[in-house]
Amino acid sequence: MKEFDEIRDDQIRIIGEKNPSGHKKSPRVVPTLVVALLIVGVIALGAIIFAVAKHRQSTLYEPEPAYFEPETCRIVSESVLYGWIGSEIDSTAAGFTEMVDTTINDIALRLYIPHNARMSLHLGKLDRGDTSIVFATQAADVRADNGGIVGAFVLKGEQKSRGLAKRGYCAVIDDRIFIGVAENTPLFEESTAKGGYFFRQYPLVDNGRLVDNEPKGKSVRRALCNRRGEIFIVESLTKESFHDFAQVLVDLRVDNAIYLVGSNALGVYVLEDGTRVQYGDEHLFRGRLPKNTNYIVWRKKTTI
């Protein structure tokens with residue numbers, strides 16, 4: 001027993017069971033320093049393996065330059081989106097649409113930010129080859145029964161329809177853009193009095209709070225957003241429910257947002273290098289778009 005009493009404070013004794021010969025194994029003394037070094041070594045090795053794997057993964061998914069489909073949008077991380085999103089553009093430059101891709105809560109989004117352009121509404125067939133257009137996409141929905149516009153709609157001060165089917169609204173008055181949620185708003189009357197524009201859609205975000213809507217199912221979603229005074233369009237790159245899409249906009253810290261026609265809606269935008277991109281398939285409508293199909297349009301400032 002004297003041998004056991006003489007163990008030092010910096011040692012660990014491992015006592016084995018009897019070996020086959022019937023004799024007790026001699027107690028082994030392992031310095032704690034050795035044990036500590038082994039633990040540190042294992043941790044360091046694990047960190048090295050993780051770093052190498054992460055580097056190889058980032059290299060694997062790093063975009064390669066392409067000839068036919070070059071990168072045309074800026075890609076930002078979720079953490080970057082707490083400030084102003086769009087780039088600072090010279091006010092004398094020609095109008096164009098900046099695209100920004102990001103992912104919020106594992107949902108891929110594309111942001112369209114029109115620069116040096118003025119917003120208005122357009123009713124009827126849209127000439128997607130019109131060189132004055134910087135960005136255009138469908139705005140209010142059309143009734144399936146009689147082809148009328150869903151909700152209130154004002155075009156250059158002229159009232160085209162009236163209704164409160166959807167509480168979200170957008171008004172454009174004297175080049176000022178208002179996006180909000182209300183059953184009644186004086187902006188409707190003001191838009192008619194001042195030759196402005198007004199339409200209604202489903203509300204998605206009201207003063208930073210999510211607004212749920214009745215329609216179910218999943219689809220490509222689009223929204224008109226106001227974030228700290230910055231106006232832009234958000235599009236989901238995957239099919240999402242109304243709720244999940246609205247939640248993503250809240251997490252994007254959007255102040256107010258209303259829905260725009262999603263799915264196979266028709267539209268067009270122009271990139272900074274002048275490339276014109278048309279989206280949506282007119283053949284799906286068999287060439288018979290309702291006469292009241294309408295669009296939210298940004299045009300070059302010099303053309304309005």
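**Exercise 1. In which sense do strand β8 (residues 153-155) and β9 pair, and over how many bridges?**

Solution. Before we start, note that this is a predicted model, in which local features need pLDDT of at least 70 and side-chain atom pairs count only at pLDDT 80 or more, while totals for chains, interfaces and linings use all residues. Residues are numbered from 1 along each chain as its sequence is written, and side-chain values use heavy atoms, with hydrogens and water left out.

Step 1: find the strands, which are DSSP runs of E with at least two residues, just as helices are runs of H or I with at least four, both numbered from the N terminus.
Step 2: check the pairing, which requires that DSSP finds at least two bridges between two strands. Here β8 and β9 are joined by three bridges in the antiparallel sense.
Step 3: pick out a bridge: Leu155 has Glu158 in β9 as its partner.

**Exercise 2. Place β8 and β9 in their open sheet, and find the helix that packs on this sheet.**

Solution. Step 1: read the order of the five strands, β9-β8-β12-β10-β11, with antiparallel pairing.
Step 2: look at the edges, where β9 (158-161) and β11 (176-181) each pair on one side only.
Step 3: add helix α3 (residues 186-193), which packs on the sheet and touches β8, β9, β10 (168-173), β11 and β12 (197-201). Contact here means heavy atoms within 4.5 Å.

**Exercise 3. Trace the neighbours of strand β5 (residues 107-115).**

Solution. Step 1: start with strand β4 (residues 96-104), which runs antiparallel to β5 and is joined to it by nine bridges. One of the bridge pairs is Thr103 with Ala108.
Step 2: walk through the turn. The hairpin of β4 and β5 has two residues between the strands, and Asn105 in the turn has a positive phi of about 50°.
Step 3: turn to strand β16 (residues 230-236), which is antiparallel to β5 and joined to it by four bridges. Arg110 stands opposite Glu235 in β16.
Step 4: check the cover. Eight of the nine residues of β5 are buried, where buried means under 20% relative accessible area, exposed over 50% and partly exposed in between (1.4 Å probe, protein chains only).

**Exercise 4. Which residues of helix α4 (residues 242-251) are buried, and why do they lie on the same side?**

Solution. Step 1: list the buried residues: Phe242, Phe245, Ala246, Val248 and Leu249.
Step 2: they share a side of α4 because they cover an arc of only 155° around the axis, taken from the directions from the helix axis to the C-beta atoms.
Step 3: move just past α4, where Arg253 takes a positive phi of about 65°.

Methods: Axes fitted to C-alpha atoms, helices over the stretch in contact; angles between N-to-C directions.
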